[in-house]
Amino acid sequence: MVEDIIIDVVGSFADGKTTLVRALANESTLRHSEERKRGITIRLGYAHFFICKCNKCGAFSRNEKCETCGQKATPHFRVSIIDSPGHRTLMTIMLGGASLVSGAVLVIAANQKCPQPQTEEHLEAIKIIGVKNLVVAQTKVDLVGAERARQNYKEIKEFLSKNGFNDMKIIPVFSINDINIIELIQEIGKFTVDEEKSNEKPEMLVVRSFDVNKPGTEISKLSGGVLGGGLKEGELGVGDKVTIYPGIFIKNSWKPVNTEIIQIQSEFGQEQKAGPGLTIGVKTKLDPSLSRRDSLAGSLVTSNEAPPNFKNKIAITYSPLAEKEKNVFKKQLQKNEVVLLNVLAAKVLGTVSSVSNDKVGITLNNSYLPYYTGDKAIISRKVENVWVLAGSGTIYD
Ligand code: ZN
């Protein structure tokens with residue numbers, strides 16, 4: 001069976017992510033389907049490809065002819081790659097889509113000292129989110145001598161073990177010449193997918209939203225609003241009736257919106273049903289003006305059977321990144337401190353209303369948050385006008 005998997009490529013912006021992704025996707029074999037041209041492209045993922053498994057030797061390949069022994073290989077994964085902004089100040093954007101991710105490729109360039117601040121923060125985020133499938137691609141090895149490459153390898157090794165990732169594979173790659181990319185494919189092929197997740201209630205996280213109509217389209221020909229994102233768990237299918245939280249703000253309060261799914265498209269084409277591991281564009285019966293210009297980004301889409309909690313106050317058990325609390329923030333979370341919260345795809349400001357031991361209460365500033373008890377809340381605190389990842393907690397109320 002072909003499984004779907006979303007992989008995040010993280011690392012500092014100058015580390016050669018784009019070239020690496022091109023090499024992974026082996027662009028000559030990318031399948032372009034006609035459906036993609038019909039207008040609800042998602043623009044969330046920036047590459048997608050198949051990983052096949054050889055029927056004879058078991059090696060993973062980027063196409064149906066084994067790159068190791070030449071025999072026939074069968075599709076194993078449909079891989080969607082999402083891009084994470086390399087800039088530190090954009091970290092909180094990365095976190096929005098991160099709960100959709102099952103694996104990550106951490107890109108580290110050999111021509112810089114490791115870790116760069118961005119790399120460090122990305123790894124912290126990966127740890128907090130709980131991404132288990134990880135591999136390091138050491139890039140730009142061709143730009144430095146063998147000595148520096150070895151030195152850098154040692155730096156990476158130390159950085160990883162300091163963070164508790166002693167067994168993580170480090171693969172030196174030379175993306176432009178396709179050297180060792182197949183080794184990286186072997187590691188990604190071994191990533192594991194949590195199949196249980198498809199059986200849960202549907203939770204779609206909206207990362208983007210669009211109005212796909214050209215200006216001046218006749219009302220009778222208008223297409224409904226399109227939501228771009230993915231399922232954290234459960235499945236959604238064409239014809240499903242769903243609710244979007246927090247919905248729209250009218251008369252001083254938030255009102256969840258009901259709608260129906262009329263089309264689902266992934267990077268691989270039309271889908272009748274979609275589960276976790278795919279970046280999807282979902283066309284709905286929604287008034288397209290409601291989804292214009294990412295206005296529904298951060299929303300949660302659920303079935304009507306399992307409504308989430310929907311409040312402007314949450315209580316969490318909080319665990320800070322201890323070293324950072326000491327060296328960067330220089331003090332513990334304070335009552336009345338304004339924090340930035342990432343919960344599911346939502347990103348909202350809140351004010352700390354109570355702190356006692358590891359229990360923290362937060363009141364949201366002018367917003368309502370849909371969540372399920374047990375969901376993760378990621379907290380960023382402000383340092384010199386930049387939101388810096390500070391810790392995470394589990395919502396218990
Ligand atoms: Zn083979």
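Me: Why is cysteine 69 called partly exposed?

Reply: The relative accessible area of cysteine 69 is 33%, and a residue counts as buried under 20%, as exposed over 50% and as partly exposed in between, with a 1.4 Å probe and protein chains only, so cysteine 69 belongs to the class in between. This is a predicted model, in which local features need pLDDT of at least 70 and side-chain atom pairs count only at pLDDT 80 or more, while totals for chains, interfaces and linings use all residues. Residues are numbered from 1 along each chain as its sequence is written, and side-chain values use heavy atoms, with hydrogens and water left out.

Me: What makes cysteine 66 buried?

Reply: Its relative accessibility is 4%, and the limit for a buried residue is therefore met.

Me: How do you know which atoms coordinate the zinc ion?

Reply: Donors are N, O and S atoms within 2.8 Å of the metal (3.2 Å for Na, K and Ca), and because water is not among the atoms, sites may look incomplete. The SG atoms of Cys54, Cys57, Cys66 and Cys69 lie at 2.3 to 2.4 Å from the zinc ion, so they count as its donors. Along the chain, these donors follow the spacing C-x2-C-x8-C-x2-C.

Me: Why is the site of the zinc ion called tetrahedral?

Reply: Four donors count as tetrahedral if all angles lie between 85 and 135 degrees, whereas four count as square planar and six as octahedral if opposite donors are over 155 degrees apart and all others between 65 and 115, anything else being irregular. The angles among the four donor atoms of the zinc ion are 102 to 116 degrees, so the tetrahedral condition is fulfilled. The ideal angle for four tetrahedral donors is 109.5 degrees.

Me: Why is helix α5 described as largely enclosed by the rest of the structure?

Reply: Seven of the nine residues of helix α5 (residues 181-189) are buried, so the description follows from that count. The buried residues are Ile181, Leu184, Ile185, Gln186, Glu187, Ile188 and Gly189. A helix here is a DSSP run of H or I with at least four residues, a strand is a run of E with at least two, and both are numbered from the N terminus.

Me: What makes glutamine 186 one of the buried residues, and which residues does it touch?

Reply: Its relative accessibility is 16%, so glutamine 186 counts as buried. Contact means heavy atoms within 4.5 Å, and glutamine 186 touches Ala59 and Phe60, not counting residues up to four places away in sequence.

Me: Is valine 338, in strand β19 (residues 338-343), buried or partly exposed?

Reply: With a relative accessibility of 36%, valine 338 lies between the two limits and is therefore partly exposed. Valine 338 touches Leu349, Gly350, Thr351, Asn365 and Trp387, again leaving out residues up to four places away in sequence.

Me: Why does asparagine 252 count as exposed, and where does it lie?

Reply: Its relative accessibility is 71%, so asparagine 252 passes the limit for an exposed residue. Asparagine 252 lies in the loop between β11 and β12 (253-266), and its phi is near 65 degrees, a positive value in a residue other than glycine.

Me: Why is aspartate 294 called partly exposed?

Reply: The relative accessible area of aspartate 294 is 30%, so it falls in the class in between. Aspartate 294 lies in the loop between β15 (280-284) and β16 (300-303), and it has a positive phi of about 60 degrees although it is not a glycine.
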